[in-house]
Amino acid sequence: MSSNQACLRLSPYQTPISILPRTRIITMSCKARQVDSGSGSPLLAGDGSRTRVPHVMTVAGSDSGAGAGIQADLKACGARGVYCSTVITAVTAQNTVGVQGVHIVPEEFLAQQLDSVMSDMEVDVVKTGMLPSKEIVRILCRALDKAPVRALVVDPVMVSTSGDVLAGPAILTAFREELLPVADLITPNLKEASALLDGIQVKTVADMCSAAKLLHQMGPRHVLVKGGDLPGSFDAVDVYFDGKEIHELHSARVRTKNTHGTGCTLASSIAAEVAKGSSMLPAIKASKQYVETSLLYSKDISIGNGPQGPFDHFLRLKGQRQQPFDPNVLFLYAVTDSGMNSKWNRPIANAVREAIEGGATIVQLREKHAETRDFIEMAKSCMEICRSKGVPLLINDRVDIALACDADGVHVGQSDMPVRTARSILGPEKIIGVSCKTTEQAQQAWLDGADYIGCGGIYPTNTKENNITVGLDGLKAVCLSTKLPVVAIGGIGISNAPAVMKLRLPNLKGVAVVSALFDRECITGETKRLQEALTIATAYDS
Ligand SMILES: Cc1ncc(COP(=O)(O)OP(=O)(O)O)c(N)n1
Ligand SMILES: Cc1nc(C(=O)O)sc1CCOP(=O)(O)O
Ligand SMILES: [Mg+2]
């Protein structure tokens, strides 16, 4: 297979829109690919049309401990929102201690698996992991010749993280001669880069840059040399070469033993991003961030007794809450304002009590000008009221105050304490909300472990200076881009709250309101009226 063929592997079913010259990175948008309905395994969308799902096929070994290999690939693709089919090259008996046994799948059976998947489904990207024999590499290359795909991501797995050999030196020739020339990306670690380059030293960032360039000469269009094992480095440095430019990609080194499967996960996540339509550099950056977030989230989880544990791809396993956060509490979210309370000469605790009497389902103390000591005292008295009524109380911006008064959580904005830091301070039990105006911020909120999103300003407001209005369209875009529950905020009152809720977005759980409740003479009365308006507007939802 020539290197040109590698990029232009076209399925007989693909329309010309899929044909890209080899010199370009794949940048087809998901939208464009949905037009290309293909012959694969379409899902039936709500309106009866058929929607193509981005599809990564992984060709790798099974890890019985499920930290790496096929199992990590499946989890990574699931977390990144693409379908993943699995062609298994070997079954390993493996745990957090090491690899106890390897059973290589017979070659004919590997070919049969490839045929089963590729003859039926339209695969966008192939990602390879453990390829235990030269013949298996050959069979794969032949299959790719017959049923072309958009991109091939090769993780040249040779040694497991526990130090066990998964593919012997004999595989090097097959990698160099057959797989690398047709790969769109290879992702060797330092040892693998060195082995592919006949044992040259790869011990510094400068060595990694030279290795990336040398490996590129072997045929892959893009090379990512992973520096996870770089001695004495404080951050995690990877070197990416796109054939023209070297990029040093830095991310925080997470101190944890739970790193088993990071290589498989990174390569699968990159494959998933490319399958969704990303070009290579953004796919790599997003995947590095995803791995870093997962490691950070999983740094203290304990699975197995060996030296290297698996991590949690879905950010869900750590210290489950006693009582999970109920998104329905966002229905009528009362947010206090110190200026308004002094204007109406009301102690904050009275304002909170009145809002709860009127039907507020959650309260946030947004006291921008209070002295810390006063704020703690106020927050403690509000906590007593809220606890007695079973209404959660969150603190705006101030994680220290939330800790001091044992509040139910915090709400932070994009320039406040990052959600991940707040989560690491507050632990899994507390509620953390974050303000998002864009779909990117919303996606990050989920990765960071937020519980809900506050999206605004829906309408212009005088309560928050220089606030950008995103409108109902901005709210809709944010809601559709996330699984997290969303509460709308900004300029909302009785007159327009029904229009917001009538968007009928399943994860839009309610409205957050400041002036329409607290800049009024009778807080209880205003809250009751808003509660009624919201109940009527959402009546058909139940
Ligand atoms: C529910 C809710 N949503 C958004 C915000 C705004 O938070 P932030 O962007 O940090 O702005 P300030 O409130 O700190 O001025 C919020 N407070 N609550
Ligand atoms: C605190 C806040 N955050 C906003 C955002 O857009 O994130 S708008 C806003 C002020 C909301 O006050 P009112 O209900 O009086 O308009
Ligand atoms: Mg803030």
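## Ligand 1 and its polar contacts

In this structure, which is a predicted model, a polar backbone atom of Gly 413 lies 3.1 Å from an oxygen atom of ligand 1. Side chains take part in such contacts too: Asn 396 brings a polar side-chain atom to 3.1 Å from an oxygen atom of the ligand, and for a polar side-chain atom of Asp 416 the distance to a ligand oxygen is 2.8 Å. With the protein in place, 90% of the 420 Å² of accessible area that ligand 1 has on its own is covered. Strand E15 (409-412) and strand E18 (486-489) are the elements that give two or more residues to the shell around this ligand.

Which residues come nearest to ligand 1? There are 16 residues around the ligand, and of these Arg 366, Lys 368, Asp 416, Ser 435 and Lys 464 come nearest; Asp 416 is thus named here as well as in the polar contact at 2.8 Å. Sorted by class, the shell holds five nonpolar, six polar and five charged residues.

## Ligand 2 and its surroundings

Around ligand 2 there are 14 residues, of which Gly 457, Thr 461, Thr 463, Gly 491 and Ser 515 come nearest. The shell divides by class into three nonpolar, eight polar and three charged residues.

The polar contacts of ligand 2 include both backbone and side-chain atoms of the protein. A backbone N or O atom of Gly 457 is 2.8 Å from an oxygen atom of the ligand, while a polar backbone atom of Gly 456 lies 3.4 Å from a ligand oxygen. From the side chain of Asn 467, an N or O atom is placed 2.9 Å from an oxygen atom of ligand 2. Taken alone, ligand 2 exposes 420 Å², and the protein buries 95% of that area.

## Salt bridges across the chain

The count of salt bridges comes to 25. One of them joins Asp 124 to Arg 150, with the closest N and O atoms 3.2 Å apart. Because Asp 124 sits in the loop between helix H4 (107-120) and strand E6 (125-128), and Arg 150 in the loop between helix H5 (134-146) and strand E7 (151-154), the pair ties together parts that are 26 residues apart in sequence. Both Asp 124 and Arg 150 are buried, and the two also belong to a network of salt bridges that links them with Arg 52 and Glu 122.

In another salt bridge, the side chains of Arg 138 and Glu 178 meet at 2.6 Å, N to O. This pair links distant parts of the chain, since Arg 138 belongs to helix H5 and Glu 178 to helix H6 (residues 170-179), 40 residues apart. Are these two side chains buried, partly exposed or exposed? Arg 138 has a relative accessible area of 31% and is therefore partly exposed, and Glu 178, at 22% relative accessibility, also counts as partly exposed, because the partly exposed class lies between the buried limit of under 20% and the exposed limit of over 50%.

## A salt bridge within one helix

Glu 273 forms a salt bridge with Lys 276, and the closest N and O atoms are 3.0 Å apart. Both residues lie in helix H9 (residues 262-276), where three residues, or about one turn of the helix, separate them. The partners fall on either side of the 20% limit for burial: Glu 273, at 10% relative accessibility, counts as buried, whereas Lys 276, with a relative accessible area of 24%, is partly exposed.

## Ala 349 in helix H12

Ala 349 is found in helix H12 (residues 348-358), and at 14% relative accessibility Ala 349 counts as buried. Leaving aside neighbours within four places in sequence, Ala 349 is in contact with Ser 381, Cys 382 and Ile 385. The C-alpha atom of Met 383, which is 34 residues away along the chain, is separated from that of Ala 349 by 9.1 Å.

## The protein as a whole

The protein has 20 helices and 19 strands, and buried residues make up 55% of its 542 residues. Of the contacts between residues at least 6 apart in sequence, 65% join residues at least 24 apart. The area that the protein exposes is about 23200 Å², and carbon and sulfur atoms supply 53% of it.

Key:
Residues are numbered from 1 along each chain as its sequence is written. Chains are lettered from A and ligands numbered from 1 in the order in which they are written. This is a predicted model: local features need pLDDT of at least 70, side-chain atom pairs count only at pLDDT 80 or more; totals for chains, interfaces and linings use all residues. Side-chain values use heavy atoms; hydrogens and water are left out. A residue is near a molecule or strand if one of its heavy atoms lies within 4 Å of it. A polar contact is a pair of N or O atoms within 3.5 Å; within protein, one must be able to donate a hydrogen and the other to accept it, and residues adjacent in sequence count only if both atoms are side-chain atoms. Accessible areas come from the Shrake-Rupley method with a 1.4 Å probe; for residues, only the protein chains shown count as cover. Helices (H or I, at least four residues) and strands (E, at least two) are DSSP runs, numbered from the N terminus. Ala, Val, Leu, Ile, Met, Phe, Trp, Tyr, Cys and Pro count as nonpolar, Asp, Glu, Lys and Arg as charged, and the others, Gly among them, as polar. A salt bridge is a side-chain nitrogen of Lys or Arg within 4 Å of a carboxyl oxygen of Asp or Glu. Buried means under 20% relative accessible area, exposed over 50%, partly exposed in between (1.4 Å probe, protein chains only). Contact means heavy atoms within 4.5 Å.
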